[in-house]
Amino acid sequence: MTALTPDYDAIVIGAGVCGLYQMHRLAQMGVRATVLEAADDLGGTWRQNRYPGARFDSESVSYGYSFSKELLAEWNWSERFAGRAETERYLHHVAVKFDLEKHIQFNNRVDAATWDETNRMWRVSLADGRSLTTRFLMTAIGMLSTPTLPRYKGVDSFKGLSFHTYHAPRQPVDYAGKRVAVIGAGATGVQVISELADKVGDLTVFQRRPNWCAPLHNAPITPEEMEAFKASYDSIFAACRASGGGFIHEADHRRTMEVPEPERLAFWEQLYATPGFAKWVGNFGDVSFDPVANAEYSKFIAGKIRQRVKDPAIAEKLIPTDHGFGTRRVPLETRYYEAYNRNNVHLIDLNKTPIVEITPAGLRTSDHDYAFDIIIYATGFDAITGAFDKIAFTGVDGLTLREKWADVPATAYGVMTHGFPNLITLAGPQSASVASNFPRAIEDIVDWWSDFLAHMQAKGLTRVEARAETEAAWLAHLKGITDSLLLSTAKSWFTGYNGNLDREYKNRYLIYVGGGPRYREHLGREVETGYSGFELG
Ligand code: NAP
């Protein structure tokens with residue numbers, strides 16, 4: 001018997017792509033629920049990342065929610081790969097259409113959440129001092145929502161404008177004629193550099209390790225094309241469901257080296273000309289696990305970089321040597337390599353001349369003092385677990401989530417962790433949402449949890465906890481798949497690398513790379529077995 005009735009049946013933390021859909025499902029089910037959002041508006045990542053050039057790398061038509069035919073029929077995307085502002089508008093449209101705003105409490109940052117076993121509920125503490133109780137606590141707090149700045153001396157001393165891309169100013173910035181520094185060359189830095197190259201006075205890129213980038217091939221969507229997309233949404237989403245990463249591109253299962261060279265090269269040329277992630281996830285599958293195949297494809301892409309960058313010395317600096325193609329997140333780009341052919345764009349190799357400190361006027365490397373008007377830090381995130389670490393979750397017997405996940409997170413399918421009953425990690429570490437077209441995976445997970453909660457409601461159950469055996473089996477499964485892929489050998493946020501944190505690097509097994517279809521099989525098996533991997537009470 002529980003003693004107290006909680007304020008809510010469910011609290012969702014975060015009003016981004018995931019939180020909005022979860023709230024919609026809860027409202028449909030008649031669950032007493034609310035969303036707590038730290039920011040003053042909805043949209044999550046698409047509200048936040050206002051850096052120049054921010055846009056989808058997923059096809060717009062594959063990114064929108066699929067749950068409502070009416071929504072699909074009425075929304076028109078203007079570009080193959082929509083820009084940030086359009087996506088933010090889309091999420092607002094969704095919120096208005098499904099009347100979600102009334103459920104969201106803005107400017108409400110969650111600081112802590114403690115499990116109350118006696119009353120079977122979470123006690124949630126907010127930054128403003130309030131405390132709320134809820135039966136179920138659902139996290140939709142983003143995988144890339146804890147930005148990390150470099151730990152250079154003097155970061156606060158710079159007199160000009162400086163910002164991490166995640167905290168880019170909400171007001172337009174006047175870049176014309178300015179001397180701009182960009183530190184970092186991941187997917188974000190690559191978008192910033194491509195966008196700003198011809199809009200600033202001078203652009204200096206400070207690069208540590210280059211990434212393998214490939215062309216996005218963005219284009220406007222005409223009204224006729226949009227109508228054709230609308231007519232084929234069923235097949236678009238079916239293709240996403242069939243593919244590992246939830247994209248419209250499916251891998252080719254031939255072995256790279258068994259395909260005759262002329263045919264192989266023709267295929268790669270065609271991939272390179274295809275919009276989106278085709279050149280990553282639509283490639284021969286063995287490029288992701290066979291070092292010979294990977295080296296061959298990396299050689300092909302290196303050739304493209306050499307063709308596109310006029311100065312051979314700069315081209316070599318832009319070709320990765322520490323990892324093969326696709327073993328880190330592939331940044332998609334629009335005239336990124338061509339930016340380096342411009343006289344006003346300079347590339348500084350931090351391996352040769354490291355940054356020593358940020359100065360009031362700019363920054364100092366080991367061999368030069370630079371003056372800038374603007375410094376943009378595109379230096380990445382404490383990915384996936386960073387957002388969880390910011391909230392003090394305390395589970396059964398005083399166990400904290402920070403302690404539990406300090407080394408390697410342990411989860412059941414990435415959606416719950418033993419010792420933290422009724423804490424539902426919607427986009428948690430080790431779920432399929434991390435390495436895929438986010439909305440596709442998140443719709444699956446939200447639907448699965450919503451059905452699970454309906455099942456519990458019907459049976460009068462108030463407590464669910466992942467079994468320790470379930471998460472041990474999941475970690476073993478996940479390690480088995482990850483270790484078979486070359487991705488496990490590369491230092492990136494996929495494997496938990498972040499050089500700006502006090503953390504010794506080791507693979508933290510943060511992402512599920514077994515693909516959407518296999519992931520859904522695992523979740524489906526739980527339904528078939530009456531959720532046998534979970535202890536219900
Ligand atoms: P990231 O991929 O982690 O890249 C961070 C970059 O900053 C790396 O080049 C890193 O160099 C560099 N860096 C970090 N600390 C540094 C330091 N102290 N000094 C010099 N350089 C430093 O982060 P991101 O580019 O923000 O991208 C994160 C993820 O966001 C992407 O992988 C993607 O999933 C997502 N994203 C998506 C889109 C989209 O959908 N269109 C766009 C942008 C980002 P090292 O590599 O040497 O560490």
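Is asparagine 422 buried or exposed? In this predicted model, asparagine 422 has a relative accessibility of 0%, and because burial is assigned under 20% relative accessible area, the residue counts as buried. Asparagine 422 is placed in the loop that links helix 15 (401-404) to strand 18 (423-425). The backbone of asparagine 422 adopts a positive phi of about 60°, although the residue is not a glycine.

A further non-glycine residue with positive phi is glutamine 430, for which the angle is about 75°. Glutamine 430 belongs to the loop between strand 18 and helix 16 (438-459). With a relative accessibility of 0%, glutamine 430 also counts as buried. Strand 18 thus borders both loops: the loop holding asparagine 422 leads from helix 15 to strand 18, and the loop holding glutamine 430 lies between strand 18 and helix 16.

At the level of the whole protein, the secondary structure comprises 18 helices and 20 strands. The radius of gyration is 23 Å, close to the 24 Å given by the globule rule for 537 residues, so the protein is as compact as a globular protein of that length. The C-alpha trace extends over about 75 × 55 × 45 Å along the principal axes. Of the 537 residues, 58% are buried. The exposed area of the protein is about 21300 Å², of which carbon and sulfur atoms supply 52%. Among contacts between residues at least 6 apart in sequence, 72% connect residues at least 24 apart.

Within this architecture, 5 strands assemble into an open sheet with the order 7-16-8-9-12 and parallel pairing. Strand 7 (161-164) and strand 12 (345-349) occupy the edges; each has a single partner strand, so one side of each is left without a neighbour in the sheet. From one strand to the next, the twist averages 15°.

The pairing of strand 8 (residues 179-183) with strand 9 (residues 202-207) is parallel and involves 5 bridges. Valine 182 has valine 205, in strand 9, as its bridge partner. Helix 6 (residues 187-196) lies across strand 8, strand 9 and strand 16 (374-377). The direction of helix 6 is at about 160° to that of strand 8. In the sheet order, strand 16 stands between strands 7 and 8, and strand 9 between strands 8 and 12.

Key. Residues numbered from 1 in each chain as written. Predicted model: local features only at pLDDT ≥ 70, side-chain atom pairs only at ≥ 80, totals over all residues. Heavy atoms only, no water. Pairing = 2+ DSSP bridges. Helix = DSSP H or I, 4+ residues; strand = E, 2+ residues; numbered from the N terminus. Axes fitted to C-alpha atoms, helices over the stretch in contact; angles between N-to-C directions. Contact = heavy atoms within 4.5 Å. Rg over C-alpha atoms; globule rule 2.2 N^0.38 Å. Buried < 20%, exposed > 50% of the residue type's maximum accessible area, 1.4 Å probe, protein only. Areas by Shrake-Rupley, 256 points an atom, 1.4 Å probe, with all protein chains shown as cover.
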